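Thank you all for coming; today I would like to walk you through one protein structure, slowly, with a particular eye on its aromatic rings. Please have the sequence and the picture open in front of you as I talk.

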Amino acid sequence: MVTLVDTLAKPAARPRHPEKAHKPDSEIARKPEWIRVKAPTSKGYAETRDIVRAHKLVTVCEEAGCPNIGECWDKKHATFMILGEICTRACAFCNVATGIPTGIDLNEPDNIAKAVVKMGLSHVVITSVDRDDLADGGARHFANVVGAIRAASPQTTIEVLTPDFLRKDGALEIVVAARPDVFNHNLETVPSNYLTVRPGARYFHSIRLLQRVKELDPSMFTKSGIMVGLGEQRNEVLQLMDDLRTAAVDFLTIGQYLQPTKKHHPVKAFVTPDEFKSYETVGYSKGFLLVSASPLTRSSHHAGDDFARLKAARENLLKKRSATA
């Protein structure tokens, strides 16, 4: 008998979430009618996809499985994810791949700047995976990307959505010094959920990070976002709003958590549009310049339009203060 060994066979694909492999499956709940979206098929979507591919870029739109990708890419809106596509953390809600990251692409800042010009973006959002393996958490690379976009497209406004730079002294200062127009860092959920939903992060560190941005540059807009449907209580969300306002955060986004796979944290509740509207009303009453709350709200959804609204809200507030002074 002769045994043939296929030496050209490809090794088994590495699991996207190896840390979740041992976890029991949880059934993915059927989405209510107010959350359903159409599959992306438009010409604009295809053109954006081709630009992203041509410049070898990564987008959080694809990596995180955003439900708004069809709408945003049709309008040539994309959120670029820098520092690779493998995250060093393993949040229970996130669909971004986890594991040991690859090296940094030093051409990435220029490639993103070229894509911004080609897509004609008036506003761009730059986010990243967590890079706990780097001494500065990737802060210098964030600054380099901001600088490259400024050089190639000076009229484009820039929003960064950063990790928490936990235990990375001086990292935040590097990003703020690059002067993005909006500094976004998401809390993701209420503090009681951190141990199970966001175990690698610390709630009050994230609050302090946002507060520190305002101390370094009071003129910079700050923004944060959370998901609901993870088992939080309404009073916890209201307390989180107060914590963000204590840190002088300008803009809050609230969206529905959607479970990516059976290994991820289950959806505990589908929050109704009326409940989202209530959160929006309360948020404005607490002093946020802008609140976006709806089932399909995501951090960078409609970011360009929201930035215009954010500036207008600040201008109106300053006028009111001037009139009563």
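Let me begin with how the elements are named: helices, of at least four residues, and strands, of at least two, are DSSP runs that are numbered from the N terminus. Counted in this way, the protein has eleven helices and nine strands, and I should say at once that what you are looking at is a predicted model.

A few totals will set the scene before we turn to single residues. The protein has 325 residues, and 50% of them count as buried. Its accessible surface comes to about 15,900 Å², with 55% of that belonging to carbon and sulfur atoms. If we take the contacts with a separation of 6 or more, 76% of them are between residues 24 or more positions apart.

Now to the rings. A pair of aromatic rings is described by the distance of the centres and the angle of the planes. How many aromatic pairs does a search of the whole structure find? The search finds four, and one of them is formed by Y194 and Y203, which meet edge-to-face, with 5.7 Å from centre to centre and 90° between the planes. Both Y194 and Y203 are buried, and together with F204 they form one aromatic cluster.

Another edge-to-face pair is that of F221 and F307, where the centres are 6.0 Å apart and the planes are again at 90°. F221 belongs to strand β7, residues 221-228, whereas F307 belongs to helix α11, residues 303-324, and so this pair ties together parts that are 86 residues apart in sequence. As for their surroundings, F221 and F307 are both buried.

The ring of F221 has a further partner, since the charged end of R314 sits over it, 3.7 Å from the ring centre. A similar arrangement involves R245, whose charged end sits over the ring of F288 at 5.6 Å from its centre.

Let me finish with a residue of another kind, G103, which is found in the loop between β3, residues 97-98, and α4, residues 108-119. Is G103 buried or exposed? Its relative accessibility is 60%, and because exposed means over 50%, G103 counts as exposed. From C-alpha to C-alpha, G103 and L83 are 8.0 Å apart in space, while in sequence they are 20 residues apart.

Technical notes. Residues are numbered from 1 along each chain as its sequence is written. This is a predicted model: local features need pLDDT of at least 70, side-chain atom pairs count only at pLDDT 80 or more; totals for chains, interfaces and linings use all residues. Side-chain values use heavy atoms; hydrogens and water are left out. Rings of Phe, Tyr and Trp (its six-membered ring) pair if their centres lie within 6.5 Å; planes under 30 degrees apart count as stacked, over 60 as edge-to-face and the rest as tilted. Buried means under 20% relative accessible area, exposed over 50%, partly exposed in between (1.4 Å probe, protein chains only). A charge sits over a ring if NZ of Lys or CZ of Arg is within 6 Å of the ring centre and within 35 degrees of the ring normal. Contact means heavy atoms within 4.5 Å. Accessible areas come from the Shrake-Rupley method with a 1.4 Å probe; for residues, only the protein chains shown count as cover.
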